Amino acid sequence: MLYLYFLLIFTLVLAVFLIVFVVSVYSITKKNCENNIELNKKIDEYLLQKNIPINKIIYVSDYWTSSKSNENKKKICVSTEMKKVALVDYDKQKLYVVDFDEIVNFEIYENGSTRTIGAGAAGFGSGLAIAESSGNCKDLRLIIRINKIEVPQVAYDIVSKTLFNVGLNKSSDSYRVCMSSLQEIVSLFEIIKHKNKLEKAEN
């Protein structure tokens, strides 16, 4: 009888924990999505007012929005016509429109270690293929270095501040979606860096 009593208590505690966890995940995800949607609308309005035509948009999948539609996600906007990139610090809610030639480099950090620094798109893809696919990713961040003293970098948090610091399992679909969007971003900035190098050689 005592065993059943403790089993019942354990089951109730576990049920409460799961309910709290699910509600917390839903609440935080909803808040992040709403903030992203609101900020993205302001970004679109600003770019339209400044007559900056956008030819390419890369949507950044992260821990909270990997399973959501693009409108809920962070983004990077590119104007190939004006050779500009619109980068957004979503934590500070600030937009930075920079010229192609102001992009210095990019870095990807995972769990405190450098994943890549300005690596080629092919090299990055290879790194993904042979990277450790077990364990959890508790921190994943993209940092874009800019040639501006007042704004030397813009960071995109992909995985951070997860509930109970559990992180994201590296074998999960969510992790693969996040890495896929990062791979596209890496390809973009490699193209921009290549164009900068060619133009510098011509001048």
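The following dialogue reads selected features of a predicted model, from salt bridges to backbone angles.

User: How many salt bridges does a search of the whole structure find?

Analyst: The search returns 12 salt bridges across the whole structure. Three of them are taken up below, beginning with one inside a helix.

User: How should I read a salt bridge within a helix, and which helix holds Lys42 and Glu38?

Analyst: The general idea concerns helical periodicity. An α-helix has 3.6 residues a turn, so residues three or four places apart point the same way. In this model, Lys42 and Glu38 both belong to helix α1, which covers residues 2-49. They are four residues apart, about one turn of the helix. Their side chains meet in a salt bridge with an N to O distance of 3.8 Å. That value falls within the cut-off of 4 Å, so the pair qualifies.

User: Are Lys42 and Glu38 buried or exposed?

Analyst: The answer is intermediate. Lys42 is partly exposed at a relative accessible area of 47%, and Glu38 is partly exposed with a value of 47%.

User: Which parts of the chain does the salt bridge of Lys56 and Glu184 link?

Analyst: The side chains of Lys56 and Glu184 meet in a salt bridge at 3.1 Å, N to O. This pair links distant parts of the chain: Lys56 is in strand β1 (residues 56-60) and Glu184 is in helix α3 (residues 173-202), 128 residues apart. Lys56 is partly exposed, its relative accessible area being 35%. Glu184 also counts as partly exposed, at 34% relative accessibility.

User: What is the distance between the closest N and O atoms of Arg141 and Asp157, and where do the two residues lie?

Analyst: Arg141 forms a salt bridge with Asp157, and the closest N and O atoms are 2.6 Å apart. Here too the pair links distant parts of the chain: Arg141 sits in strand β8 (residues 140-146) and Asp157 in strand β9 (residues 153-159), 16 residues apart. Arg141 is partly exposed at 30% relative accessibility, whereas Asp157, at 10%, counts as buried.

User: In what sense do β8 and β9 pair, parallel or antiparallel?

Analyst: The two strands pair in the antiparallel sense, over six bridges. A hairpin of six residues joins β8 to β9. Within this pairing, Arg145 stands opposite Gln153 in β9. As for burial, β9 is mostly covered, with five of its seven residues buried.

User: How can one residue in a strand be placed in its surroundings, and what is Ile143 in contact with beyond its neighbours within four places in sequence?

Analyst: One examines location, burial and contacts together. Ile143 lies in strand β8 and is buried, with a relative accessible area of 7%. Leaving aside neighbours within four places in sequence, Ile143 is in contact with Asn105, Phe106, Glu107, Tyr109, Gln153, Val154 and Ala155. Ile143 and Ile108 are 35 residues apart in sequence, yet their C-alpha atoms are 6.3 Å apart in space.

User: How can the length of a helix be checked, and what span should α3 have?

Analyst: One compares the expected rise with the end-to-end distance. At 1.5 Å a residue, the 30 residues of α3 should span 44 Å, and the end C-alpha atoms are 44 Å apart, so the two values agree. The buried residues of α3 include Tyr175, Cys178, Leu182, Ile185, Phe189 and Ile192.

User: How many disulfides are found, and why does Cys137 not bond to Cys178?

Analyst: A disulfide is a covalent bond between the sulfur atoms of two cysteines. The search of this structure finds zero disulfides. The closest cysteine sulfur to that of Cys137 is in Cys178, and the two do not bond because 8.1 Å is too far. Cys137 is buried, with a relative accessible area of 0%, and Cys178 is likewise buried at 0%.

User: Which residue other than glycine has a positive phi near 55°, and where does it lie?

Analyst: Asn51 has a phi near 55°, a positive value in a residue other than glycine. Asn51 lies in the loop between α1 and β1 and is exposed, with a relative accessible area of 60%. Gln93, also not a glycine, has a positive phi of about 55°. Gln93 lies in the loop between β3 (84-89) and β4 (94-99), and Gln93 is partly exposed at 47% relative accessible area.

Note on methods. Residues numbered from 1 in each chain as written. Predicted model: local features only at pLDDT ≥ 70, side-chain atom pairs only at ≥ 80, totals over all residues. Heavy atoms only, no water. Buried < 20%, exposed > 50% of the residue type's maximum accessible area, 1.4 Å probe, protein only. Contact = heavy atoms within 4.5 Å. Pairing = 2+ DSSP bridges. Expected span 1.5 Å × (residues − 1). Disulfide = S-S within 2.5 Å.
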